[in-house]
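Subject: Structure handover

Hello,

I am passing on the structure we discussed. Please find it below, with my notes after it.

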Amino acid sequence: MRCFFVFLGFATQALGAGLGSYPHLVVADSKGAARDSVRVTYLGTNGYQFEFNRHVLLVDPYFSRVDLWRVALGSHIQPNATRIDNGLRHLACRNCRTDAVLVTHGHFDHLLDVAAVMAKTRARLIASPTSVSLIRRMPDANGLSADAVRPGDVRRVGPWKIRVLSAAHDRLFGKVPYDQPHSEADLAAEALVKEESPQRAADWVCGQPLAFLIEVNGQRIYIDSGGTAAQLPPNEQVDLAVLGVALPDSRARLRMALARLQPRYILPSHQDDFFRPLSAGFQFAPLSDFSFVQRECAQQNKSRLILLDYFRPWTLPKAENRKGKFPNPKYIDHGSHACLHRCGKQLRVGMTLINAV
Ligand SMILES: [Zn+2]
Ligand SMILES: [Zn+2]
């Protein structure tokens with residue numbers, strides 16, 4: 001595993017592109033936009049803020065962005081208070097209440113900052129028993145409210161209805177990183193509750209991966225951090241599907257996941273390079289494959305593929321009807337060129353895009 005991260009360290013320096021090639025896919029609210037439905041803000045990695053009517057949910061908030069070399073070398077890692085403060089300042093919402101922090105699994109890029117975020121927002125944690133146990137080992141975890149949940153559980157917090165679903169974690173070279181069998185992980189984490197806080201990336205074990213189906217104001221959002229074809233989302237139509245696509249496993253199940261969710265909007269997630277500070281801007285990770293993601297999403301022609309930039313909120317439009325109003329641009333083959341067929345402008349964009357990735 002360490003060798004892999006060392007390789008990634010060099011690859012990261014050699015590769016990487018931002019969102020600049022996809023201006024037609026990046027959505028954000030314009031000034032003065034109506035905020036009459038749920039507002040989505042991307043925090044990087046697999047982190048999101050959902051806001052409705054001054055109520056906030058956070059999912060996998062991770063601002064510290066630990067340096068890759070610290071992970072690769074097994075060095076001590078810890079939350080970066082300055083970066084967490086900066087991240088939360090970007091999210092400032094006057095008179096908003098943060099109802100809960102949802103966490104998909106225990107890896108450091110999902111859970112490392114959660115205790116600090118909970119302490120600052122006074123939000124309760126909704127996560128797997130393993131993640132809850134890891135949080136309880138953090139310094140100053142006393143007084144934090146944590147709710148260990150399992151697939152099938154339902155929680156109602158403020159205006160939110162949160163359904164907890166089973167999920168899977170992508171494999172890296174055939175193995176889930178920093179994994180333990182779920183039951184053993186739960187037991188080990190419980191046994192260590194009174195011991196020292198997690199020190200290295202490998203201490204932040206995966207545990208039971210979870211997905212969430214969030215309902216608010218008549219809209220439905222599905223979110224996970226990746227997965228495999230062995231564990232697909234439910235057959236339920238949603239307004240927005242936030243699907244992790246970091247690694248080949250999660251990309252291989254993408255088309256099947258979309259067929260089940262039939263989302264109006266598709267937001268591929270966890271495809272940025274999360275070893276770079278947020279202030280350096282969005283850059284695709286070396287193992288991402290956005291051209292593949294685009295092709296898979298194009299099969300779902302009642303869905304619209306979107307991208308979000310860091311800290312640029314976007315309000316999820318209300319559905320005009322349940323059948324969806326936002327057909328995806330379709331890729332068609334014109335001899336040796338792949339292009340988009342909707343209008344001349346998009347055709348040019350599409351060809352640039354195909355050539356660029
Ligand atoms: Zn993970
Ligand atoms: Zn992750």
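The notes below go from the whole chain to the two sheets and then to one helix.

Overall

The model is predicted, not experimental. The protein has 357 residues, and 45% of them count as buried. Its secondary structure consists of 11 helices and 16 strands. If you take the contacts between residues at least 6 apart in sequence, 69% of them join residues at least 24 apart.

First sheet

One open sheet has seven strands in the order E6-E5-E4-E3-E2-E1-E14, and its pairing is mixed. Its edges are strand E6 (146–148) and strand E14 (314–315), each of which pairs on one side only.

The run from E3 to E6 can be followed bridge by bridge. Strand E3 (residues 55–59) and strand E4 (residues 97–102) run parallel and are joined by five bridges; in one of these pairings, Leu57 has Ala100 of E4 as its bridge partner. E4 is in turn parallel to E5, with three bridges between them, and here Leu102 is partnered by Ile126 of E5. E5 and E6 are also paired in the parallel sense, over three bridges. Ile126 appears again in this pairing, standing opposite Asp147 in E6. The connection from E5 to E6 passes through H6, and this β-α-β crossover is right-handed.

Two helices on this sheet are worth noting. Helix H5 (residues 114–121) lies across E3, E4 and strand E5 (124–127), and runs at about 160° to E4. Helix H6 (residues 129–136) packs on the sheet as well, where it touches E5 and E6; its direction makes about 150° with that of E6.

Second sheet

Another open sheet of seven strands has the order E7-E8-E9-E10-E11-E12-E13, again with mixed pairing. Strand E7 (154–157) and strand E13 (304–305) are the edge strands, each pairing on one side only. Within the sheet, E9 and strand E10 (residues 219–223) are antiparallel and share five bridges, with Ile214 opposite Ile221 in E10. Helix H9 (residues 254–261) packs on this sheet and touches E10, strand E11 (240–244) and strand E12 (265–269); its direction makes about 160° with that of E11.

Core

The largest nonpolar core holds 87 residues, of which Val101, Leu125, Ile214 and Ala241 touch the most other members. Strand E9 (residues 210–216) gives the most to this core, with six residues. For Leu125, leaving out residues up to four places away in sequence, the contacts include Val101, Val103, Val114, Met118, Val132 and Ile135. Leu125 also touches Leu144, Ser145, Ala146 and Asp147.

Helix H3

Which residues of helix H3 (residues 81–90) are buried? They are Ile84, Gly87 and Leu88. These three lie on the same side of H3, because they cover an arc of only 95° around the axis. The spacing fits the usual geometry: an α-helix has 3.6 residues a turn, so residues three or four places apart point the same way. The buried residues of H3 pack against strand E1 (39–44) and H5. On the face turned away from the buried side, H3 carries the exposed residues Thr82 and Arg89.

Regards

Definitions and conventions. Residues numbered from 1 in each chain as written. Chains lettered and ligands numbered in written order. Predicted model: local features only at pLDDT ≥ 70, side-chain atom pairs only at ≥ 80, totals over all residues. Pairing = 2+ DSSP bridges. Helix = DSSP H or I, 4+ residues; strand = E, 2+ residues; numbered from the N terminus. Contact = placed C-beta atoms within 7 Å. Axes fitted to C-alpha atoms, helices over the stretch in contact; angles between N-to-C directions. Core = buried A, V, L, I, M, F, W, Y, C linked by C-beta atoms within 7 Å. Buried ≥ 20, exposed ≤ 12 C-beta atoms within 10 Å, placed from the backbone. Right-handed = clockwise from strand over helix to strand, strands pointing away. Arc of directions from axis to C-beta.
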